[in-house]
Amino acid sequence: MSEQRVIAVCGKGGVGKTAFTAMLTKVLMDEVPGKLLVVDADPALGLNYAIGRESEVTIGSIREMVLEKAEKGTKKDLEELADSVEYLTAQALDEKEKFSFLAMGRMNTIGCFCSVNDLLKGAIENIMHSFDVVLIDGEAGLEQINRQVIEKIDTLILVTDTSFRGLQTVRHIKKMVDEGLVPACKNLGVVFNRAQSDVTSLKEFAEKEHINVIGSVPYDKQVEEFDLAGRPLLELPDNNKAVLAVKDCLKCAEEAVS
Ligand SMILES: Nc1ncnc2c1ncn2[C@@H]1O[C@H](COP(=O)(O)OP(=O)(O)OP(=O)(O)O)[C@@H](O)[C@H]1O
Ligand SMILES: [Mg+2]
């Protein structure tokens, strides 16, 4: 297996992280040889609809089940449970031909059982290690990514709307990365999404702040219509202009890493 690549998509609420991740899934599954894992790291979920997956089992729901057993069980039960965590965690993995999907779900910290968390962490790590490319749809903050098992990110894509306020959030996230509050990250850049006008001034501002610009994705009526109808964005035509822009963003992000 070639070296694994981890791409994470973050940004503030509602800027289009999930739509971007779904379109990037479409691009990656057609272009990248090797095994692709798409992860929904947003506790509120939602990526499954955008990529046409119905799986309801999440790492969070598996964790609840394991915790319940651990609390009620005897020492022997606990030992058996430890042996089966790997198998149980694998049940959350929705494996299909083009790509596999894993939803993290809600990770309630109440009733924290460190040994269970460690077991789960190891099991998730094992799943992730068997993929060539891991694509993560993050939540608005970076908490989930921070708390979870992602040891390193190769490319962190910060999606924003085309406003200066949006860029301030990007600056804030970049600061968190610089301060080491999230996993080590080789390359970070911003994508302006739902662009309806020229973004030159925003690009200039980003560059002044030493934020790499990966690209911009235009507002696209078809994207909005697909989402409104609950239709997976993977079914967008290959020549859809937002999909083509996402493809360019991937190319630009790859060049920056290599
Ligand atoms: N390029 C685009 N063109 C048109 N509409 C878009 C585009 N990108 C996203 N949208 C629309 O914007 C809305 C929000 O997108 P999305 O749900 O992907 O945002 P999000 O950042 O994942 O939100 P949340 O923070 O709630 O997870 C959706 O209705 C989606 O269809
Ligand atoms: Mg989302």
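This report covers the ligand surroundings, the nonpolar cores, two helices, two loop residues and one strand residue of a predicted model.

**Ligand 1**

Seventeen is the count to start from: 17 residues surround ligand 1. Those that come nearest are Lys-17, Ala-19, Arg-194, Asp-220 and Asp-227. Three polar pairs are set out below.

| Residue | Protein atom | Ligand 1 atom | Distance |
|---|---|---|---|
| Gly-14 | backbone N or O | oxygen | 2.9 Å |
| Asn-193 | polar side-chain atom | nitrogen | 2.9 Å |
| Arg-194 | polar side-chain atom | oxygen | 2.5 Å |

Arg-194 thus appears twice, among the nearest residues and with a side-chain atom 2.5 Å from a ligand oxygen.

**Nonpolar cores**

The largest nonpolar core has 48 residues. Leu-37, Val-134, Ile-136, Leu-156, Leu-167 and Val-190 have the most contacts inside it. Helix H5 (residues 114-129) supplies the largest share of this core, with six residues. Apart from this core lies another, of 38 residues. Val-159, Phe-226, Val-243 and Ala-253 are among its members. In soluble globular proteins, nonpolar side chains tend to be buried together.

What does Leu-167 touch, beyond residues up to four places away in sequence? Its partners are Thr-160, Val-190, Phe-192, Leu-202, Phe-205 and Ala-206. Val-190 is itself listed with the most contacts inside the largest core.

**Helix H8 and His-210**

Leu-202, Phe-205 and Ala-206 are also the buried residues to note in H8. Seen down the axis of H8, its buried residues fall within an arc of 100 degrees, so they line one face of the helix. They pack against helix H7 (164-178), strand E7 (184-195) and E8. An α-helix has 3.6 residues a turn, so residues three or four places apart point the same way.

His-210 comes just after H8. It sits in the loop between helix H8 (200-208) and strand E8 (212-218). Its phi is near 60 degrees, a positive value in a residue other than glycine. Most residues other than glycine have a negative phi. Is His-210 buried or exposed? His-210 is exposed, with a relative accessible area of 65%.

**Leu-45**

Leu-45 also has a positive phi, near 55 degrees, and is not a glycine. The residue belongs to the loop between strand E2 (36-40) and helix H2 (47-50). Leu-45 counts as partly exposed, at 35% relative accessibility.

**Helix H3**

Helix H3 spans residues 59-72, 14 residues in total. From first C-alpha to last it reaches 20 Å, close to the 20 Å expected at 1.5 Å a residue. Which residues of H3 are buried? They are Ile-59, Gly-60, Ile-62, Arg-63, Val-66, Leu-67 and Ala-70. Viewed down the axis of H3, the buried residues fall within an arc of 150 degrees, so they line one face of the helix.

**Ser-100**

Ser-100 lies in strand E4 (residues 100-103). At 4% relative accessibility, Ser-100 counts as buried, the cut-off being under 20%. Leaving aside neighbours within four places in sequence, Ser-100 is in contact with Leu-36, Leu-37, Val-38, Arg-53, Leu-93, Asp-94, Glu-95 and Phe-131. One of these partners, Leu-37, is also among the residues with the most contacts inside the largest nonpolar core.

Note on methods:
Residues are numbered from 1 along each chain as its sequence is written. Chains are lettered from A and ligands numbered from 1 in the order in which they are written. This is a predicted model: local features need pLDDT of at least 70, side-chain atom pairs count only at pLDDT 80 or more; totals for chains, interfaces and linings use all residues. Side-chain values use heavy atoms; hydrogens and water are left out. Helices (H or I, at least four residues) and strands (E, at least two) are DSSP runs, numbered from the N terminus. The expected span of a helix is 1.5 Å times one less than its number of residues. Buried means under 20% relative accessible area, exposed over 50%, partly exposed in between (1.4 Å probe, protein chains only). The arc is that of the directions from the helix axis to the C-beta atoms. A nonpolar core is a set of buried Ala, Val, Leu, Ile, Met, Phe, Trp, Tyr and Cys residues joined through side-chain atoms within 4.5 Å. Contact means heavy atoms within 4.5 Å. A residue is near a molecule or strand if one of its heavy atoms lies within 4 Å of it. A polar contact is a pair of N or O atoms within 3.5 Å; within protein, one must be able to donate a hydrogen and the other to accept it, and residues adjacent in sequence count only if both atoms are side-chain atoms.
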